[in-house]
There are 2 protein chains.
Amino acid sequence: MSEAGTDGRRVRTDKQRNRVHILEVAEQFFAEQGISGSMDAIAKRAGVGAGTLYRHFPNREALLAALLQARNEELEARRDAIRREESDSSDALAQWLDALGEWVTAFDGLPEPLRVALTEDTSPLTITCQGFITTTEEFLGAAQRDGGAHPWVRARDLFLSTLATAWARSAALADESSSEGLSTLMRSGWEKSVDGTTPGAS
Amino acid sequence: MSEAGTDGRRVRTDKQRNRVHILEVAEQFFAEQGISGSMDAIAKRAGVGAGTLYRHFPNREALLAALLQARNEELEARRDAIRREESDSSDALAQWLDALGEWVTAFDGLPEPLRVALTEDTSPLTITCQGFITTTEEFLGAAQRDGGAHPWVRARDLFLSTLATAWARSAALADESSSEGLSTLMRSGWEKSVDGTTPGAS
DNA sequence: GACGATACGGAGACAGTCTCCGCTTTGTCA
DNA sequence: TGACAAAGCGGAGACTGTCTCCGTATCGTC
């Protein structure tokens with residue numbers, strides 16, 4: 001018993017099967033080659049025509065959005081875990097930003113379309129981003145109330161910084177320690193240390 | 001008297017003229033449309049064939065590098081001015097990073113090829129970047145010696161952060177204040193305030 | 001002015017995105 | 001179970017952009 005479409009009719013099984021299969025293939029493909037690999041190549045690898053690919057996902061961004069959907073649930077689970085288990089609000093924010101940073105590294109090149117999505121409001125990725133900004137707002141607000149984050153920092157900027165850091169990271173790979181350096185730099189940016197100690201750098 | 005080429009022969013005047021003209025046109029074109037506009041469109045606008053464009057500049061990156069050459073001199077002049085006029089080493093570093101941030105905003109989309117250039121060593125942009133990292137090192141070193149910058153910050157990371165901030169800025173344009181927020185966040189990241197005051201935010 | 005070297009132009013090879021439409025497959029209903 | 005309409009499929013090809021190749025035009029020299 002498949003779900004019914006918007007009208008009474010059933011969703012055709014071949015359609016459903018294709019959709020799932022394309023997603024599987026695209027997931028692997030993007031993971032291997034980064035998000036800018038050829039769309040037609042994905043279609044070919046999935047064994048479907050280009051038309052089929054584009055009927056399911058009208059462009060690269062839509063495909064990406066569908067792929068991220070699954071990961072979103074993971075990230076939301078992680079958010080809940082942090083809420084539950086982390087009592088220190090600064091650490092909670094830091095952990096959330098870490099989780100975000102990891103999520104955005106799911107595929108090489110992902111930060112770019114996300115950044116673009118932030119400038120639009122039509123994009124399927126925009127809503128996702130908005131949701132995560134809201135969550136950031138929540139963690140940030142708590143940290144600010146507790147005096148663990150500068151009061152002038154804004155959630156949207158933190159989100160953008162996380163994106164930007166992830167973006168920069170893919171240039172830093174040659175120099176491994178840069179990755180950590182950038183994260184530390186960002187944390188040091190928003191964090192308001194009560195006792196004047198240097199953040200991070202374990 | 002035109003300069004001589006590597007062999008004894010003079011450089012052909014039409015070649016020289018074309019080169020200059022293409023650069024003028026490309027400068028305006030990139031300024032208008034960002035760096036991802038069509039190369040053939042530049043050739044057409046310059047009134048030359050595609051072949052001529054590509055003989056002078058084998059790819060977009062080479063064209064970009066040639067365009068930035070001129071601006072480099074500006075930036076270097078600014079560097080010298082800061083060296084001369086700014087006695088506070090933290091402010092000097094801040095000003096230098098501001099200047100860098102501005103330079104990198106010369107054309108929309110510029111941060112991306114610069115980031116890529118940092119991962120390579122063949123690119124014509126790489127050398128330029130390296131030079132600026134070295135300058136950053138100088139300013140940062142001074143600030144660190146004076147206790148105005150965290151000792152764990154590294155010049156390369158600061159350069160990358162500047163790039164990343166500029167990159168993020170073009171998503172922040174819709175929300176004007178984000179641009180400033182990001183810069184403040186970054187400065188707050190490297191700066192080690194002696195008296196515990198909040199940085200920037202005048 | 002003639003000649004060889006050099007540069008020019010633009011047609012076209014190639015690669016990518018995305019659309020369109022004839023054909024096949026599917027679900028439904030008798 | 002068979003027949004019919006609706007839905008989906010495939011891939012040729014339109015379109016856009018990058019970059020190359022080579023016949024032709026231009027330049028500098030002697």
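**Exercise 1.** In this predicted model, determine how many residues chain A and chain B each bring to the contact.

*Solution.* Contact is taken as heavy atoms within 4.5 Å. By this criterion, 32 residues come from chain A and 32 residues from chain B.

**Exercise 2.** State the area buried between chain A and chain B, and identify which three residues of chain A supply more of its share than any other three.

*Solution.* Step one: the size of an interface is often expressed as the accessible area lost when the parts come together. Step two: between chain A and chain B this area is about 2,800 Å², and carbon and sulfur atoms give 65% of it. Step three: of the area that chain A buries against chain B, 27% is supplied by W152(A), W167(A) and L185(A), more than by any other three residues.

**Exercise 3.** Describe which elements and residue classes form the side of chain A that touches chain B, and count the polar contacts and salt bridges between the chains.

*Solution.* Step one: the elements giving two or more residues to this side are α6 (111-119), α8 (155-172) and α9 (176-190) of chain A. Step two: α8(A) provides the largest share, 12 residues. Step three: sorted by class, this side has 15 nonpolar, 11 polar and 6 charged residues. Step four: between the chains there are 10 residue pairs in polar contact, with both residues at pLDDT 80 or more, and 0 salt bridges.

**Exercise 4.** Deduce how the two copies are related.

*Solution.* Step one: chain A is superposed on chain B by a rotation of 180 degrees with 0.0 Å of shift along its axis, at an RMSD of 0.0 Å. Step two: the two copies are therefore related as by a two-fold rotation axis. Step three: both copies use the same surface, as 100% of the contact residues of chain A recur in chain B.

Methods
Residues numbered from 1 in each chain as written. Chains lettered and ligands numbered in written order. Predicted model: local features only at pLDDT ≥ 70, side-chain atom pairs only at ≥ 80, totals over all residues. Heavy atoms only, no water. Buried area = accessible area lost by both parts, 1.4 Å probe. Salt bridge = Lys/Arg side-chain N within 4 Å of Asp/Glu carboxyl O. Polar contact = N/O pair within 3.5 Å; in protein donor to acceptor, adjacent residues only side chain to side chain. Helix = DSSP H or I, 4+ residues; strand = E, 2+ residues; numbered from the N terminus. Nonpolar A, V, L, I, M, F, W, Y, C, P; charged D, E, K, R; others polar. Least-squares fit on C-alpha atoms with pLDDT ≥ 70 in both.
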